[in-house]
Amino acid sequence: MFDYIGENVSFVPNLSWTIFNFSEMLRDFINNSREKGAAISYVFIIFAASESYVNELANMIYAHFPQEAKNFDKFRYDVIKKYKLVIEKNGGLDEESEKFLESLKLLENLRGYLVHFKPVEEKPSDKRKDFEEKLAEKFPMSEGNVFTDRVMNDECLDWARETVLKGIRILYMRNLDPADPSWVDELDPKRFSGGLSIRSNKQ
(Lines give C-alpha, C1' and ligand atoms only; values in the text may rest on other atoms or scores of the structure.)
Protein backbone atom coordinates (compact mmCIF):
# COMPACT_ATOMS: atom_id res chain seq x y z
CA MET A 1 0.00 0.00 0.00
CA PHE A 2 1.39 3.39 -0.90
CA ASP A 3 1.40 5.58 2.17
CA TYR A 4 2.65 8.90 0.82
CA ILE A 5 -0.85 10.26 0.26
CA GLY A 6 -1.12 12.85 2.98
CA GLU A 7 -3.80 15.16 4.23
CA ASN A 8 -2.47 17.96 2.04
CA VAL A 9 -3.13 15.96 -1.12
CA SER A 10 -6.49 16.58 -2.72
CA PHE A 11 -7.31 14.41 -5.70
CA VAL A 12 -10.59 14.38 -7.54
CA PRO A 13 -10.59 12.62 -10.94
CA ASN A 14 -11.80 15.25 -13.35
CA LEU A 15 -12.21 13.65 -16.76
CA SER A 16 -13.59 10.36 -15.45
CA TRP A 17 -16.23 12.18 -13.39
CA THR A 18 -17.18 14.32 -16.38
CA ILE A 19 -17.59 11.24 -18.55
CA PHE A 20 -19.54 9.39 -15.88
CA ASN A 21 -21.80 12.38 -15.31
CA PHE A 22 -22.51 12.51 -19.04
CA SER A 23 -23.39 8.82 -18.98
CA GLU A 24 -25.93 9.56 -16.25
CA MET A 25 -27.55 12.22 -18.43
CA LEU A 26 -27.53 9.85 -21.39
CA ARG A 27 -29.22 7.22 -19.26
CA ASP A 28 -32.02 9.65 -18.46
CA PHE A 29 -32.45 10.23 -22.18
CA ILE A 30 -32.56 6.48 -22.83
CA ASN A 31 -35.16 6.03 -20.13
CA ASN A 32 -37.41 8.52 -21.91
CA SER A 33 -36.65 7.73 -25.55
CA ARG A 34 -35.89 3.98 -25.44
CA GLU A 35 -33.51 4.51 -28.36
CA LYS A 36 -31.22 1.56 -28.96
CA GLY A 37 -28.58 3.74 -30.58
CA ALA A 38 -28.30 5.79 -27.40
CA ALA A 39 -28.11 2.59 -25.34
CA ILE A 40 -25.17 1.38 -27.42
CA SER A 41 -23.48 4.76 -26.95
CA TYR A 42 -23.99 4.37 -23.20
CA VAL A 43 -21.89 1.19 -23.19
CA PHE A 44 -19.07 3.04 -24.96
CA ILE A 45 -19.21 6.00 -22.59
CA ILE A 46 -19.52 4.10 -19.31
CA PHE A 47 -16.52 1.95 -20.25
CA ALA A 48 -14.57 5.11 -21.14
CA ALA A 49 -15.34 6.46 -17.67
CA SER A 50 -13.89 3.32 -16.12
CA GLU A 51 -10.64 3.55 -18.09
CA SER A 52 -10.33 7.27 -17.47
CA TYR A 53 -10.72 6.72 -13.72
CA VAL A 54 -7.92 4.16 -13.42
CA ASN A 55 -5.65 6.27 -15.65
CA GLU A 56 -6.13 9.40 -13.55
CA LEU A 57 -5.76 7.52 -10.29
CA ALA A 58 -2.61 5.71 -11.45
CA ASN A 59 -1.01 8.96 -12.57
CA MET A 60 -1.43 10.25 -9.05
CA ILE A 61 -0.35 7.01 -7.34
CA TYR A 62 2.79 6.56 -9.42
CA ALA A 63 3.82 10.23 -9.43
CA HIS A 64 6.80 9.43 -7.17
CA PHE A 65 7.46 5.91 -8.49
CA PRO A 66 8.94 6.19 -12.01
CA GLN A 67 9.48 2.45 -12.46
CA GLU A 68 5.92 1.64 -11.45
CA ALA A 69 4.67 4.34 -13.80
CA LYS A 70 6.71 2.78 -16.58
CA ASN A 71 5.20 -0.64 -15.87
CA PHE A 72 1.72 0.86 -15.93
CA ASP A 73 2.38 2.55 -19.28
CA LYS A 74 3.09 -0.85 -20.83
CA PHE A 75 -0.65 -1.50 -20.62
CA ARG A 76 -1.65 1.70 -22.37
CA TYR A 77 -4.40 -0.01 -24.38
CA ASP A 78 -5.43 -2.70 -21.87
CA VAL A 79 -7.72 -1.35 -19.17
CA ILE A 80 -8.09 -4.78 -17.52
CA LYS A 81 -4.36 -5.07 -16.94
CA LYS A 82 -4.30 -1.50 -15.65
CA TYR A 83 -6.85 -2.27 -12.94
CA LYS A 84 -5.22 -5.60 -12.18
CA LEU A 85 -1.78 -4.01 -11.72
CA VAL A 86 -3.07 -1.29 -9.41
CA ILE A 87 -5.05 -3.80 -7.34
CA GLU A 88 -2.19 -6.33 -7.15
CA LYS A 89 0.24 -3.64 -5.98
CA ASN A 90 -2.17 -2.42 -3.33
CA GLY A 91 -3.48 -5.28 -1.26
CA GLY A 92 -3.58 -7.98 -3.89
CA LEU A 93 -6.41 -9.68 -5.71
CA ASP A 94 -9.29 -11.16 -3.74
CA GLU A 95 -12.64 -12.70 -4.66
CA GLU A 96 -14.36 -9.32 -4.97
CA SER A 97 -11.71 -7.82 -7.24
CA GLU A 98 -11.51 -11.00 -9.34
CA LYS A 99 -15.24 -10.83 -9.98
CA PHE A 100 -14.94 -7.15 -10.84
CA LEU A 101 -12.17 -7.83 -13.37
CA GLU A 102 -14.25 -10.63 -14.91
CA SER A 103 -17.23 -8.31 -15.33
CA LEU A 104 -15.07 -5.48 -16.66
CA LYS A 105 -13.59 -7.84 -19.26
CA LEU A 106 -17.09 -8.83 -20.35
CA LEU A 107 -18.02 -5.15 -20.60
CA GLU A 108 -14.92 -4.51 -22.70
CA ASN A 109 -15.84 -7.42 -24.99
CA LEU A 110 -19.40 -6.14 -25.28
CA ARG A 111 -18.07 -2.76 -26.34
CA GLY A 112 -15.94 -4.55 -28.95
CA TYR A 113 -18.89 -6.50 -30.35
CA LEU A 114 -20.94 -3.33 -30.58
CA VAL A 115 -18.13 -1.41 -32.30
CA HIS A 116 -17.77 -4.17 -34.90
CA PHE A 117 -21.45 -5.05 -35.07
CA LYS A 118 -22.72 -6.61 -38.28
CA PRO A 119 -26.37 -5.73 -39.15
CA VAL A 120 -26.85 -9.10 -40.87
CA GLU A 121 -25.59 -11.81 -38.57
CA GLU A 122 -24.09 -15.02 -39.78
CA LYS A 123 -24.35 -18.20 -37.74
CA PRO A 124 -22.88 -17.31 -34.32
CA SER A 125 -19.50 -18.89 -33.63
CA ASP A 126 -18.85 -21.00 -30.56
CA LYS A 127 -16.88 -18.06 -29.18
CA ARG A 128 -19.86 -15.76 -29.60
CA LYS A 129 -22.23 -18.29 -28.05
CA ASP A 130 -19.91 -18.64 -25.06
CA PHE A 131 -19.77 -14.86 -24.74
CA GLU A 132 -23.56 -14.54 -24.75
CA GLU A 133 -23.84 -17.29 -22.15
CA LYS A 134 -21.46 -15.39 -19.88
CA LEU A 135 -23.48 -12.21 -20.36
CA ALA A 136 -26.66 -14.13 -19.52
CA GLU A 137 -25.10 -14.98 -16.15
CA LYS A 138 -24.82 -11.26 -15.40
CA PHE A 139 -28.27 -10.08 -16.52
CA PRO A 140 -31.39 -11.54 -18.20
CA MET A 141 -31.22 -11.41 -21.98
CA SER A 142 -34.14 -10.29 -24.14
CA GLU A 143 -35.71 -12.16 -27.03
CA GLY A 144 -34.54 -11.40 -30.55
CA ASN A 145 -32.79 -12.71 -33.63
CA VAL A 146 -30.16 -9.96 -33.65
CA PHE A 147 -27.41 -9.63 -31.05
CA THR A 148 -28.31 -6.07 -30.07
CA ASP A 149 -31.97 -7.04 -29.61
CA ARG A 150 -30.95 -9.73 -27.13
CA VAL A 151 -28.42 -7.67 -25.22
CA MET A 152 -29.51 -4.04 -25.23
CA ASN A 153 -31.98 -3.83 -22.37
CA ASP A 154 -32.26 -1.98 -19.06
CA GLU A 155 -30.70 -4.85 -17.15
CA CYS A 156 -27.60 -4.75 -19.38
CA LEU A 157 -27.11 -1.04 -18.78
CA ASP A 158 -27.66 -1.47 -15.04
CA TRP A 159 -24.99 -4.18 -15.01
CA ALA A 160 -22.54 -2.04 -17.03
CA ARG A 161 -23.04 0.88 -14.67
CA GLU A 162 -22.65 -1.20 -11.52
CA THR A 163 -19.50 -2.84 -12.91
CA VAL A 164 -17.83 0.55 -13.35
CA LEU A 165 -18.93 1.75 -9.91
CA LYS A 166 -17.63 -1.48 -8.36
CA GLY A 167 -14.14 -0.66 -9.60
CA ILE A 168 -14.32 2.81 -8.07
CA ARG A 169 -15.49 1.35 -4.75
CA ILE A 170 -12.69 -1.25 -4.69
CA LEU A 171 -9.95 1.31 -5.27
CA TYR A 172 -11.41 3.71 -2.74
CA MET A 173 -11.68 1.02 -0.04
CA ARG A 174 -7.96 0.35 -0.52
CA ASN A 175 -7.28 4.00 0.31
CA LEU A 176 -6.01 4.76 -3.17
CA ASP A 177 -8.36 7.64 -3.81
CA PRO A 178 -8.13 10.37 -1.14
CA ALA A 179 -11.24 11.99 -2.55
CA ASP A 180 -14.43 10.80 -0.94
CA PRO A 181 -16.55 9.07 -3.61
CA SER A 182 -19.63 9.03 -1.37
CA TRP A 183 -21.62 9.99 -4.46
CA VAL A 184 -21.17 6.37 -5.59
CA ASP A 185 -23.28 5.03 -2.74
CA GLU A 186 -25.81 7.82 -3.05
CA LEU A 187 -26.67 6.83 -6.62
CA ASP A 188 -29.80 4.75 -6.92
CA PRO A 189 -28.90 1.75 -9.12
CA LYS A 190 -32.55 1.21 -10.05
CA ARG A 191 -33.56 4.76 -10.83
CA PHE A 192 -33.15 4.25 -14.56
CA SER A 193 -35.00 0.95 -14.93
CA GLY A 194 -38.08 1.69 -16.98
CA GLY A 195 -39.20 -1.91 -17.35
CA LEU A 196 -39.40 -1.48 -21.12
CA SER A 197 -37.41 -3.04 -23.92
CA ILE A 198 -35.13 -0.58 -25.66
CA ARG A 199 -36.28 -0.06 -29.22
CA SER A 200 -34.27 0.36 -32.36
CA ASN A 201 -34.04 3.73 -34.08
CA LYS A 202 -36.09 2.43 -36.99
CA GLN A 203 -39.17 1.70 -34.93
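Start by selecting Asp130, which is partly exposed, with a relative accessible area of 36% (buried means under 20%, exposed over 50%, and partly exposed in between, using a 1.4 Å probe and protein chains only). A word on what you have loaded: this is a predicted model, where local features need pLDDT of at least 70 and side-chain atom pairs count only at pLDDT 80 or more, while totals for chains, interfaces and linings use all residues. Residues are numbered from 1 along each chain as its sequence is written, and side-chain values use heavy atoms, with hydrogens and water left out.

**Stop 1: a pair in α6**

Keep Asp130 selected and add Lys134. Lys134 counts as partly exposed too, at 38% relative accessibility. The two form a salt bridge, with the closest N and O atoms 3.5 Å apart (a salt bridge is a side-chain nitrogen of Lys or Arg within 4 Å of a carboxyl oxygen of Asp or Glu). Both residues sit in helix α6, residues 126-136, and they are 4 residues apart, about one turn of the helix. Helices are DSSP runs of H or I with at least four residues, strands are E runs of at least two, and numbering goes from the N terminus.

**Stop 2: zoom out**

Now colour by secondary structure. You'll find 9 helices and 0 strands in the chain, so to speak a straight run of α-α-α-α-α-α-α-α-α along the sequence. Of the 203 residues in the chain, 44% are buried. Turn on contacts (heavy atoms within 4.5 Å): of those with a separation of 6 or more, 71% come from residues 24 or more positions apart.

**Stop 3: the Asp154 network**

Charged pairs come next. Side chains of opposite charge can pair when their charged atoms come close. The salt bridge count here is 14. Select Arg27 and Asp154, where the closest N and O atoms of the salt bridge are 3.7 Å apart. Arg27 is in helix α1 (residues 15-33) and Asp154 is in helix α8 (residues 154-173), so this pair ties together parts that are 127 residues apart in sequence. Arg27 and Asp154 are both buried.

Leave Asp154 selected and add Arg34. These two side chains also meet in a salt bridge, at 2.8 Å from N to O. This pair, too, links distant parts of the chain, with Arg34 in the loop between α1 and α2 (36-61) and Asp154 in helix α8, 120 residues apart. Add Asp158 to the selection and you have the network of salt bridges that links Arg27, Arg34, Asp154 and Asp158.

What is unusual about the phi of Arg34? Check the backbone: phi is positive, about 60°, although Arg34 is not a glycine. Arg34 counts as buried, at 6% relative accessibility.

**Stop 4: α4 against α5**

Select residues 79-88 (α4) and 95-115 (α5). Their axes come within 10 Å and cross at roughly 165° (axes are lines fitted to C-alpha atoms, for helices over the stretch in contact, and angles run from 0 to 180 degrees between N-to-C directions). That makes α4 roughly antiparallel to α5 (under 35 degrees counts as roughly parallel, over 145 as roughly antiparallel, 65 to 115 as roughly perpendicular, and the rest as oblique). The crossing is right-handed (the near helix is turned clockwise from the far one by less than a right angle; anticlockwise would be left-handed).

Show side chains: Val79, Ile80, Tyr83, Lys84 and Ile87 of α4 meet Ser97, Phe100, Leu101, Leu104, Lys105 and Glu108 of α5. By class, this contact has 7 nonpolar, 1 polar and 3 charged residues (Ala, Val, Leu, Ile, Met, Phe, Trp, Tyr, Cys and Pro count as nonpolar, Asp, Glu, Lys and Arg as charged, and the others, Gly among them, as polar).

Stay on α4. Since 7 of its 10 residues are buried, α4 is largely enclosed by the rest of the structure. Those buried in α4 are Val79, Ile80, Lys82, Tyr83, Leu85, Val86 and Ile87. The partners they pack against are α2, α3 (66-73), α5 and α8.

**Stop 5: α2 against α5**

Keep α5 and swap in α2. Here the axes are 10 Å apart, at an angle of about 135°, and the two helices are therefore oblique to each other. α2 passes α5 in a left-handed crossing. On the α2 side, pick Ile40, Val43, Phe44, Ile46, Phe47 and Ser50; they meet Leu104, Leu107, Glu108, Leu110, Arg111, Leu114 and Val115 of α5. This contact divides into 10 nonpolar, 1 polar and 2 charged residues.
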